[in-house]
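Reader: Hi! I have a little time before my next meeting. Could you walk me through this one?

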Amino acid sequence: TNITLKYGAERIGKRTDQPMQDWRNYGLGQFIHWGVYAIPGGHWNGKYYAGAAEWIRSWEGMPNEAYDNLYKEFNPKNFNANAWAKQAKELGAKYVIITTKHHDGFCLWPSEYTDYTIANTPYKKDIIGALVEAYDKQGIDVYLYFSIIDWNHFGYKSKLVTDKDRTDYEVFKEFTRNQLIELLTRYPETKGLWFDGTWDAAWKEQASYVYDLDKELREMIPGLIIGSRFRPDDYGNRHFDANGNMMGDYEQGWERKMPNTIEEVHGNDWDCVMTIPENQWGYHSDWRGHVKTSNELIEMLVKAVALDGNFVLNFGPDGLGTIRKEETKLAKQVGEWMKVNSTAIYNCGYLDWEKQDWGYFTTNRITQEKYMVVFNQPISGVYTVKTKKGVSIEKAYLLDNPGLELSIEKTYNNEFLIQYNPENHPEEPFVMVIETNKDQNNSDNQY
Ligand SMILES: C[C@@H]1N[C@@H](c2cn(-c3ccccc3)nn2)[C@H](O)[C@@H]1O
């Protein structure tokens, strides 16, 4: 169908400019959710809050008035931006997404458009500025998370019913625009904005305002990257417009979930943002339910890269600015795996060969080198690989032991069977490198 839209997708197909190519090649990112919600950490008056810790203000167990005064005691004496950035570097994250303002409206930067900011806490100092500088120094690209929902602003409405709603909302729209311009002016190193809280009916009616704001922000920082969770089209659709075309630069719909097939990705760039516990972004002192292990997180990361996406792992520092021991341990474990295997992650993406049970294929978009990341070792020691017509496998070896060539048999219907029987069971996923007759990446073919 081709419905005429004034505010639909600005482009069909992937962005091809360098900033977007860099984004596409990150593979792994870090999400930071930090704010005053980290002070209660999922508890109030001795009671446990079963929801997501950053939503505790919406819980009847926590009076709004009590929550809205928490900022007066926000004084994270253990906060050390350089330590966080160093840990992210060791994790192997190529970019970071930092909450500037979550749904509660508390600003981690000294915004001049509201008093509900870090400037009016005992801590006083600019948290965002310190983090941008520290991550920049580590060579990690910085993206800013911004919640459109703002429970602290009188003009914020989830839906527009009365005339007063509408006049108040106009004030809120200008406030939102001012804060976004303020953020990009203060932190011009910002590579992109990760918007959240744009599902309200009120916001979905603002197609022309958001279209203009999107354009204005992109003009401030050339190459700025904004996902599909920002603009509504003429009919209030987000992510995909009325013609089914994606709005924004990548699909931002995979929150705590992932696609299973390349078809679900619709040829778009996408990111998956993931919590370590089942559903906690902000700090909760009592994680219940399933807490993911490093091998589970590594499999999600590899699966995302294998399906042409990025994987963004969330960290929720506590009220004093400490990154909790569970997150520190996982950052170390994933980081150690990345030190050995990131060749199959960075600059890699989807290889259009049939998915096999032993794990995932990835391929380097620049060198075309191909990788098999193994999660399920076959008892037989036989790894089946179905290539494309005319493509044969000539060499196979372990990424961390190139000298040991693995035997390859070709079957009658163009399948290749790679044999690998390690003496002992590997404790974590491992990578095989495969070279085909079509590879041009060996030096003597370069003219
Ligand atoms: C990135 C994540 N997005 C925020 C969120 C998710 N949701 C939500 C609301 C209703 C249904 C499903 C998800 N509301 N807010 C979370 O608080 C966190 O910031």
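Author: Happy to. This is a predicted model. Let's begin with a helix contact: Gln-87, Glu-90 and Leu-91 in H3 meet Thr-328, Ala-331, Val-334, Gly-335, Met-338 and Lys-339 in H9.

Reader: Nice. How many nonpolar, polar and charged residues does the contact of H3 with H9 have?

Author: It has 4 nonpolar, 3 polar and 2 charged residues.

Reader: And at what angle do H3 and H9 pack?

Author: Helix H3, residues 81-91, packs on H9 at about 40 degrees, and their axes are 7 Å apart. The two helices are therefore oblique to each other.

Reader: What about H8 and H9, how do their axes cross?

Author: Helix H8 covers residues 294-306 and helix H9 residues 325-341; their axes come within 9 Å and cross at roughly 50 degrees. That makes H8 and H9 oblique to each other as well, because angles from 35 up to 65 degrees fall in the oblique range.

Reader: Is the crossing of H8 and H9 right-handed or left-handed?

Author: H8 passes H9 in a right-handed crossing.

Reader: Which residues in H8 and H9 meet?

Author: From H8 there are Ser-294, Leu-297, Ile-298, Leu-301 and Val-302, and they meet Leu-330, Gln-333, Val-334, Trp-337 and Met-338 in H9. By class, the contact of H8 with H9 has 8 nonpolar residues, 2 polar and no charged.

Reader: Good, let's switch to the core. How many residues are in the largest nonpolar core?

Author: It has 103 residues. Trp-34, Tyr-135, Leu-193, Phe-195, Leu-217, Phe-230 and Phe-311 are those with the most contacts inside it. H8 gives the most to this core, with 8 residues.

Reader: Pick Phe-195 for me. What does Phe-195 touch?

Author: Leaving out residues up to four places away in sequence, Phe-195 touches Phe-146, Ile-148, Leu-180, Leu-217, Ile-226, Arg-229, Phe-230 and Gln-252. There is also a second, separate core of 19 residues, which includes Leu-351, Phe-361, Ile-418 and Met-432.

Reader: Now Leu-184. Where is its place, and is Leu-184 buried or exposed?

Author: Leu-184 is in helix H5, residues 163-186. With a relative accessible area of 2%, Leu-184 is buried. Not counting residues up to four places away in sequence, Leu-184 touches Thr-190, Leu-193, Leu-217, Met-220, Ile-221 and Leu-224.

Reader: How far apart are the C-alpha atoms of Leu-184 and Met-220?

Author: They are separated by 7.3 Å, with the two positions 36 residues apart along the chain as the spacing.

Reader: Two threonines next. Is Thr-436 buried or exposed?

Author: Thr-436 is buried, at 4% relative accessible area. Its place is in strand S19, residues 430-436. Apart from neighbours within four places in sequence, Thr-436 is in contact with Trp-353, Lys-370, Val-391, Ser-392, Ile-393 and Glu-394.

Reader: And where is Thr-367 found?

Author: In the loop between strand S12 (359-364) and strand S13 (370-374). Thr-367 counts as partly exposed, at 34% relative accessibility. The C-alpha atoms of Thr-367 and Asp-439 are 8.6 Å apart, and these residues are 72 apart along the chain.

Reader: Last one: where does Ser-58 lie?

Author: Ser-58 lies in the loop between strand S3 (47-48) and helix H2 (64-68). At 44% relative accessibility, Ser-58 counts as partly exposed.

Key
Residues are numbered from 1 along each chain as its sequence is written. This is a predicted model: local features need pLDDT of at least 70, side-chain atom pairs count only at pLDDT 80 or more; totals for chains, interfaces and linings use all residues. Side-chain values use heavy atoms; hydrogens and water are left out. Axes are lines fitted to C-alpha atoms, for helices over the stretch in contact, and angles run from 0 to 180 degrees between N-to-C directions. Helices (H or I, at least four residues) and strands (E, at least two) are DSSP runs, numbered from the N terminus. Angles under 35 degrees count as roughly parallel, over 145 as roughly antiparallel, 65 to 115 as roughly perpendicular and the rest as oblique. A crossing is left-handed if the near helix is turned anticlockwise from the far one by less than a right angle, and right-handed if clockwise. Contact means heavy atoms within 4.5 Å. Ala, Val, Leu, Ile, Met, Phe, Trp, Tyr, Cys and Pro count as nonpolar, Asp, Glu, Lys and Arg as charged, and the others, Gly among them, as polar. A nonpolar core is a set of buried Ala, Val, Leu, Ile, Met, Phe, Trp, Tyr and Cys residues joined through side-chain atoms within 4.5 Å. Buried means under 20% relative accessible area, exposed over 50%, partly exposed in between (1.4 Å probe, protein chains only).
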